[in-house]
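Let's take a friendly walk through this structure together, with the coordinates open in your viewer. We will start with a term, then visit a few residues, a helix pair, the pockets and some backbone details.

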Amino acid sequence: MKLDPVTSRDNPALVRLRKIAADSAGYRKTGSVWVEGDHLLRAALQRGWQPALVVLTEGAMQDPALAALAGAAPRALVVPTALFKGLSGLESPAQIGAELTLPAAPAIAADAASVVLDRLQDAGNVGAILRSAAAFGVRQVLALKGTAALWSPKVVRAGQGAHFGLRLVEGLASDDLAALQVPLIATSSHTEHVLHRVSLPSPCAWVMGHEGQGVSPALMARCALTVGIPQPGGEESLNVAAAAAICLYESERQRG
C-alpha cells in the first residue's frame, strides 16, 4: 500500500472524489463510487470488492482496525479531519471512505428471483428495499428508468452494504422485462388474493411501484398475479419499502 499524506484540498484525487460524492448519478460516467464509513468498506471487502483508493483521517490512522482497512487498497490518502468533511455527505462525518470501481453492467438473469423497481423516487426507500432483498436471499434488483440512481451515495448508505451482494441492473424499460422467465407479482388493493393465503410462485419477481402513482399500467399488465397485504389497522397504504419487506419475507416463508 502506498500511503500519501495530503494537506491541500486542491489535491487532484480529492477534487475528483468530491465530484463523485456530490453527483448522485456521476458514477454512470466515471465508473466509480464513493462509499463512506468503515461499515460499508468492510461489507465491500467481505464480498470480494477491492477499493481503488482509501481516504482516512489522521486520527483514523491511529486506530489499528481502521488502518488495517486502509491496507486493503493499493493507495491511501491520509488527510486532516477538515479535508475529510469536504468529501462527506453525513452530518457527523466518518473517518474513512473508499473509492470503488463498479463492474460492467450485468445482463438480466432470466431465471433469478428478483425485485423490480418501477420509478421509485426516494433514495431511502430504494436502499431499504435493496437491504431487504439481500436479507431474504433475492439477489437481483431491476430498476426501470425514473428510479433513483442505485449507486447514489444516499441509496448506498440506506442499503447498508446490501449493494455488494446484489446483481443490480438499472435504466430499464418495461419491455426489457420480457427477458425474465419468472412470473411478475405486484401488490394491489383491488384483488381477491391475500398475500399469506395464496401460493406464491418460486422464484418470482416482485414489482414495487412509484411512491405516489404505484405500478404503471403497462407493467401491471405484465404481472401474472396481484396480491393484497392485510391492513386491519385501516391505513390506506403501506410505505413501499415496508411492503417490499413483507412480500419478500412471505416468499421466503413459503419457500422454507
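A residue counts as buried when its relative accessible area is under 20%, as exposed when that area is over 50%, and as partly exposed in between. Please keep in mind that the model is predicted.

With those cut-offs in hand, look at Ser114, which sits in strand E6. Its relative accessible area is 1%, so Ser114 is buried. Which residues surround Ser114, once its neighbours within four places in sequence are left aside? Ser114 is in contact with Val138, Gln140 and Leu180, and also with Cys204, Ala205 and Trp206.

For the opposite case, turn to Ala104, in the loop between strand E5 (96-101) and E6. Ala104 has 70% relative accessibility and therefore counts as exposed. If you would like a ruler across the model, try Ala104 and His193: these residues are 89 apart along the chain, and their C-alpha atoms are separated by 39 Å.

Next comes helix H9, where you will find Val240. Is Val240 buried or exposed? Its relative accessibility is 11%, so Val240 counts as buried. Not counting residues up to four places away in sequence, Val240 touches Leu120, Asn125, Ile129, Met208, Gly209 and Glu211. Take Met208 from that group: Val240 and Met208 are 32 residues apart in sequence, with 6.8 Å from C-alpha to C-alpha.

Arg253 also lies in helix H9. With a relative accessible area of 43%, Arg253 is partly exposed. Between Arg253 and Glu91 there are 38 Å in space, C-alpha to C-alpha, and the two are 162 residues apart in sequence.

Now bring in a partner for H9. Helix H6 (residues 123-135) packs with H9 at an angle of about 10 degrees, and the two axes are 9 Å apart. An angle under 35 degrees counts as roughly parallel, and H6 and H9 are therefore roughly parallel to each other. Which residues make the contact of H6 with H9? On the H6 side they are Asn125, Ala128, Ile129, Ser132 and Ala133, while H9 brings Val240, Ala241, Ala244, Ala245 and Leu248. By type, the residues of this contact divide into 8 nonpolar and 2 polar, with no charged ones.

From packing we can move on to empty space. Rolling a probe the size of a water molecule over the atoms shows where such space is left. The largest pocket holds about 670 Å³. Its lining has 24 residues, and Thr187, Ser188, Gly214, Ser237 and Leu238 lie nearest its centre. Helix H9 appears again here: H9 (240-255) and strand E10 (205-209) each supply at least two residues of the lining. The largest share comes from E10, with 3 residues. What kinds of residue line the largest pocket? They divide into 14 polar, 8 nonpolar and 2 charged.

The second largest pocket has a volume of about 370 Å³. There are 18 residues in its lining, and those nearest its centre are Pro103, Ala105, Pro106, Trp151 and Leu168. Helix H2 (27-30) and strand E8 (167-172) are the elements that give two or more residues to this lining. E8 provides the largest share, 4 residues. The lining of the second largest pocket consists of 13 nonpolar, 2 polar and 3 charged residues.

Let's finish with the backbone. Most residues other than glycine have a negative phi, and most peptide bonds are trans. Where does the model depart from a trans peptide bond? The bond from Ser202 to Pro203 is cis, with omega near 0 degrees. You can locate Pro203 in the loop between strand E9 (184-187) and E10.

Two loop residues are worth a look for their phi values. Arg119 is not a glycine, yet its phi is positive, at about 65 degrees. Arg119 belongs to the loop between strand E6 (114-118) and H6. Gln160, again not a glycine, has a positive phi of about 55 degrees. Gln160 is in the loop between helix H7 (153-159) and E8. At 35% relative accessibility, Gln160 counts as partly exposed.

Key. Residues numbered from 1 in each chain as written. Predicted model: local features only at pLDDT ≥ 70, side-chain atom pairs only at ≥ 80, totals over all residues. Heavy atoms only, no water. 1 Å grid on protein atoms, 1.4 Å probe; cavity = no way out; pocket = protein on both sides within 12 Å on 5 of 7 lines; lining within 4 Å. Points joined across faces, edges and corners; volume = space filled by probe spheres on them. Nonpolar A, V, L, I, M, F, W, Y, C, P; charged D, E, K, R; others polar. Axes fitted to C-alpha atoms, helices over the stretch in contact; angles between N-to-C directions. Parallel < 35°, antiparallel > 145°, perpendicular 65-115°, else oblique. Contact = heavy atoms within 4.5 Å. Buried < 20%, exposed > 50% of the residue type's maximum accessible area, 1.4 Å probe, protein only.
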